[in-house]
Amino acid sequence: MTPSTIRELLAARRQPTLSLEFYPPKDPLGFGILGGSIERMRPVHPDFVTCTYGAGGSSREFSFAAWDLLGRMGFTPVVAHLTCVGASRADLAAQIDRIHASGIRNIMALRGDPPRGETTFKPAPDGLAHASDLVALIKSRHPDICCGVAGYPETHPEAPSPADDLRHLREKVDAGADFINTQLFFDNAAYFRFLDAARAAGIRAPILPGLMPVASAAQLDRSLAFSRATAPQKLREALQTPDPEAARAAGIEWLVAQIDGLIAHGAPGIHLYILNQARTILDPRLAECLARWRKASS
Ligand SMILES: Cc1cc2nc3c(=O)[nH]c(=O)nc-3n(C[C@H](O)[C@H](O)[C@H](O)COP(=O)(O)OP(=O)(O)OC[C@H]3O[C@@H](n4cnc5c(N)ncnc54)[C@H](O)[C@@H]3O)c2cc1C
């Protein structure tokens with residue numbers, strides 16, 4: 001039987017896991033398109049999928065609908081993301097109970113970002129200030145839920161120092177987090193440095209590297225703007241071509257090289273921020289890379 005939690009899945013794995021991240025569409029047409037994308041992605045057989053959370057009332061419902069769609073279409077286990085944005089403790093408790101009642105047993109516990117234009121996060125009245133508080137709340141209500149948390153190879157932008165950020169990551173694990181999923185990065189050296197520093201700080205939880213395929217210089221810039229990660233000049237140069245197909249190919253080649261390097265050095269899995277795009281994951285160069293690693297380690 002397939003394990004229902006990521007904790008069990010990572011403990012039982014004989015090979016690195018492949019996970020895909022989705023985001024919820026905003027209307028019925030978008031849900032139809034997402035359903036079609038999932039159908040096309042079936043041959044990829046991800047080990048698990050995650051889907052992001054929008055905190056507002058309607059966005060929240062779209063997240064629940066997307067988790068439900070992924071589960072109904074057999075893309076399981078589903079990891080439901082949850083943030084502290086705009087929610088009181090009682091509201092979050094109700095969301096956690098609702099997720100549990102829907103059968104989902106994995107939550108990515110996040111604080112969420114400050115609103116656009118603000119640099120500091122202000123919790124809602126009677127809300128939670130840090131992701132570690134959310135992990136503790138989840139575990140206190142449903143100890144059978146497996147919790148993932150975010151880790152930042154290039155340090156979270158609000159943290160005064162990498163050491164402070166790692167201390168807070170340790171607090172999330174001490175509160176009960178079962179695994180860590182990293183922010184995207186384009187230079188594997190950042191992941192390996194982070195891994196060493198996390199282990200030196202006593203963090204033992206598996207750390208899944210998060211990678212984003214980019215198909216153009218503009219897409220790279222957008223991903224750097226929201227993640228505040230950095231990109232090697234070589235990647236930027238490779239994407240600077242007037243031919244969109246050549247840029248797409250360069251982005252895939254970069255991703256494949258990152259995956260090969262991570263797997264060769266023992267990463268527990270690969271998490272792909274695929275932005276609902278079937279085309280990327282079905283690219284023959286990426287498909288060949290995934291098949292190679294899964295075959296080699298099976
Ligand atoms: C894998 C992944 C998935 C994501 N999914 C979503 C999503 O679905 N929806 C969404 O809105 N956003 C999402 N985000 C973005 C995330 O919400 C932001 O990066 C946010 O700014 C921080 O969230 P966090 O959970 O890391 O917060 P925290 O772990 O709370 O950390 C935030 C900052 O506070 C500091 N800090 C933590 N604890 C303390 C403390 N006790 N005292 C002082 N400082 C502290 C940390 O060092 C860090 O600088 C995701 C990010 C990642 C990496």
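Angles under 35 degrees between two axes count as roughly parallel, those over 145 as roughly antiparallel, those from 65 to 115 as roughly perpendicular, and the rest as oblique. The axes are lines fitted to C-alpha atoms, for helices over the stretch in contact, and the angles run from 0 to 180 degrees between N-to-C directions. The helices (H or I, at least four residues) and strands (E, at least two) are DSSP runs, numbered from the N terminus.

The structure above is a predicted model, in which local features need pLDDT of at least 70 and side-chain atom pairs count only at pLDDT 80 or more, while totals for chains, interfaces and linings use all residues. Residues are numbered from 1 along each chain as its sequence is written.

## Helix α5 and its partners

Two packed helices are described by the angle between their axes and the distance between the axes. Let us begin with α5 and helix α6 (residues 162–174): their axes come within 8 Å and cross at roughly 5°. α5 and α6 are therefore roughly parallel to each other. On the α5 side, Ala131, Ser132 and Val135 meet His168, Glu171 and Lys172 of α6. Here, being in contact means that the C-beta atoms of two residues, placed from the backbone, lie within 7 Å. The contact of α5 with α6 divides into 2 nonpolar, 2 polar and 2 charged residues. In this sorting, Ala, Val, Leu, Ile, Met, Phe, Trp, Tyr, Cys and Pro count as nonpolar, Asp, Glu, Lys and Arg as charged, and the others, Gly among them, as polar.

Now turn to helix α4 (residues 89–101), which packs with helix α5 (residues 131–141) at an angle of about 55°, the axes being 10 Å apart. That angle makes α4 oblique to α5. The crossing of α4 and α5 is right-handed, where right-handed means that the near helix is turned clockwise from the far one by less than a right angle, and left-handed means anticlockwise. From α4 the contact takes Arg89, Leu92, Ala93, Ile96 and Asp97, and from α5 it takes Leu134, Leu137, Ile138 and Arg141. By class, the contact of α4 with α5 has 6 nonpolar, no polar and 3 charged residues.

## Inside the core

A nonpolar core is a set of buried Ala, Val, Leu, Ile, Met, Phe, Trp, Tyr and Cys residues joined through C-beta atoms within 7 Å. The largest one here has 86 residues, and Ile107, Ala109, Leu134, Val135 and Ala177 touch the most other members. Helix α10 (residues 244–264) gives the most to this core, with 7 residues. Leaving out residues up to four places away in sequence, Ala177 touches Ala109, Val135, Cys147, Gly148, Val149, Lys172 and Ala205.

## Five residues to find

A residue is buried if 20 or more other C-beta atoms lie within 10 Å of its own, exposed if 12 or fewer, and partly exposed in between, with C-beta atoms placed from the backbone. The table applies this to five residues.

| Residue | Other C-beta atoms within 10 Å | Class |
|---|---|---|
| Asp47 | 21 C-beta atoms | buried |
| Ile96 | 22 C-beta atoms | buried |
| Asp126 | 11 C-beta atoms | exposed |
| Arg228 | 13 C-beta atoms | partly exposed |
| Ala247 | 21 C-beta atoms | buried |

Ile96 lies in helix α4. Not counting residues up to four places away in sequence, Ile96 touches Leu137, Ile138, Arg141 and His142. Ala247 sits in helix α10. Ala247 and Ser216 are 31 residues apart in sequence, yet their C-alpha atoms are 5.6 Å apart in space. With neighbours up to four places away in sequence set aside, Ala247 is in contact with Ala215, Ser216, Leu239 and Thr241.

Asp47 belongs to the loop between α2 (28–41) and β2 (48–51). From C-alpha to C-alpha, Asp47 is 7.4 Å from Thr76, with their positions 29 residues apart in sequence. Beyond four places in sequence, Asp47 touches Leu9, Thr17, Leu18 and Ser19.

## Unusual backbone spots

Most residues other than glycine have a negative phi, and most peptide bonds are trans. Asp126, in the loop between β4 (106–110) and α5, has a positive phi of about 55° although it is not a glycine. Arg228, also not a glycine, has a positive phi of about 60°, and its place is in the loop between α8 (217–227) and α9 (233–239). The peptide bond from Thr76 to Pro77 is cis, with omega near -10°. Pro77 is in the loop between α3 (57–72) and β3 (78–83).
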